[in-house]
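Trainee: Got a minute? I'd like to go through this structure and check what is behind the labels.
Mentor: Sure, put it on the screen and ask away.
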Amino acid sequence: MSLWKSVGNCVLEGVSSVPDLDASELTITLADSLKPVPDNESLVFGAVTTDHMLVVSFEPSTGWSTPEIKPYAPLSLDPMSSCFQYCTNLFEGMKAYVGPDGKPRLFRPEKNMARLARSAERVALPPFNTDALLALIKRLVMVEQRWIPTAEGHSLYIRPTIIGTRAALGVAASDQALLYVIVSPTGPYFRTGPKPLSLLAVNENVRAWPGGTGGHKLGLNYAPGFLPQRIAAKRGYDQILWLLGDAVTEAGAMNFFVVIKRDDDDGVDVATPELDGTILPGVTRMSVLELMQAHNDGRTKLNGLPKLHTQERKVTMSELKKLSDAGKLLEAFGVGTAVIVAPVGRIGFEGDDLTLPPHEKGLGPVGGALWRRLVDIQEGRVQWENWGVLCEDA
């Protein structure tokens with residue numbers, strides 16, 4: 001049972017009601033001087049800070065405070081804060097783009113807001129009005145729109161974050177929180193260009209486990225992967241392919257897909273690990289699956305591809321090895337907000353490498369068509385469903 005209940009625009013704990021997040025109360029304080037915007041070629045993912053940030057806090061007696069957009073600056077936190085002691089930290093990854101009309105837009109942001117709310121509930125942090133937060137993020141993007149790169153594949157990365165700020169060492173849920181949003185102009189996540197990634201399949205360490213928190217975007221899911229990632233790099237691999245026993249879960253911080261040749265001529269199979277609680281339900285993952293279904297039922301066409309038999313199921317390394325040996329493993333790629341679609345060229349497993357067929361542009365036909373369509377939708381060149389959301393509507 002949740003510690004919190006949400007009713008209308010109020011958040012209740014027990015019998016006392018306190019104000020929910022209210023975008024209409026936003027105050028904006030602009031920086032006295034603005035930083036220079038760097039060239040697109042110099043952008044490294046998550047390395048550049050913009051001029052402003054959004055900050056709002058929660059207190060159990062007064063609810064969510066007046067939201068502020070103010071100059072980017074360090075935060076002041078008590079050393080005993082829950083976020084330091086018990087890792088009550090969660091975040092989202094989103095992007096803003098400029099379309100051909102010159103207007104800033106977001107890609108399916110309501111999905112990020114819903115996932116952020118689920119993550120907050122999982123670690124017992126206060127809930128919030130997701131519509132209000134989205135409106136505030138749009139306002140921040142409009143304030144910082146000069147930072148949005150216009151080059152293809154570039155964007156303004158948005159990082160909404162919520163941390164527990166209860167200043168006490170008792171092992172308990174934090175009834176105080178800080179919600180802040182920072183943005184950063186960015187280019188491609190991997191600076192290797194079209195070069196496919198190499199993955200080292202690992203099962204001696206696990207990213208997530210049944211009944212754990214792998215299906216939520218929590219800070220505590222990421223730090224345990226840093227040492228295995230360092231070991232993989234020393235062995236000549238770019239990323240980890242996380243296994244749970246023999247089953248594939250994720251590739252680094254990406255959802256994982258494989259394209260498999262069928263015994264008949266009725267298209268190809270495209271498989272991804274099922275959402276069993278150990279897999280993060282990625283917005284890009286969801287979008288890829290929906291685009292492939294739309295391709296199959298004729299609502300759109302992905303660069304002349306055949307029928308794509310999508311499968312959300314258990315994918316094992318034993319199966320991938322057999323498919324590779326039989327010449328049926330056609331493509332592998334990771335998907336996520338940061339990378340969009342990233343090709344995989346080889347997978348290290350039990351001392352050997354599974355080598356994927358090479359493709360002239362890195363991505364194979366399926367991965368390449370999905371990347372092209374996603375980028376066109378995100379950057380406003382193709383209108384699809386209601387996936388592109390203008391920020392000026394805040």
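Trainee: How far is the sulfur of Cys83 from the closest cysteine sulfur, and why is there no bond?
Mentor: The closest one is in Cys87, 8.8 Å away. A disulfide needs a pair of cysteine sulfur atoms within 2.5 Å, so 8.8 Å is too far for a bond. The structure holds zero disulfides. Before we go on: this is a predicted model, where local features need pLDDT of at least 70 and side-chain atom pairs count only at pLDDT 80 or more, while totals for chains, interfaces and linings use all residues. Residues are numbered from 1 along each chain as its sequence is written, and side-chain values use heavy atoms, with hydrogens and water left out.

Trainee: Why does Cys83 count as buried?
Mentor: Buried means under 20% relative accessible area, exposed over 50%, and partly exposed in between (1.4 Å probe, protein chains only). Cys83 is at 7%, so it counts as buried. Cys87 has 26%, so that one is partly exposed.

Trainee: And what makes Val171 exposed?
Mentor: Its relative accessible area is 74%, and the cut-off for exposed is over 50%. Val171 sits in the loop between strand S11 (155–164) and strand S12 (177–186); strands here are DSSP runs of E with at least two residues, helices are runs of H or I with at least four, and numbering starts from the N terminus.

Trainee: Which residues touch the most other members in the largest nonpolar core?
Mentor: Leu106, Leu133, Ile137 and Ile158, out of 36 residues. Such a core is a set of buried Ala, Val, Leu, Ile, Met, Phe, Trp, Tyr and Cys residues joined through side-chain atoms within 4.5 Å. Helix H3 (130–143) is one of the elements supplying at least two residues of this core, and H3 gives the most, with seven residues.

Trainee: What is in the second, separate core?
Mentor: It has 28 residues, including Val288, Val341, Ala369 and Trp387.

Trainee: What about phi of Asn303?
Mentor: Phi is positive, about 45°, although Asn303 is not a glycine. The residue lies in the loop between helix H5 (283–296) and strand S18 (308–312). At 65% relative accessibility, Asn303 counts as exposed.

Trainee: Why is Glu385 called exposed?
Mentor: Glu385 has a relative accessible area of 54%, so it is exposed. Its phi is positive too, near 50°, in a residue other than glycine. You'll find Glu385 in the loop between helix H7 (365–378) and strand S22 (388–390).
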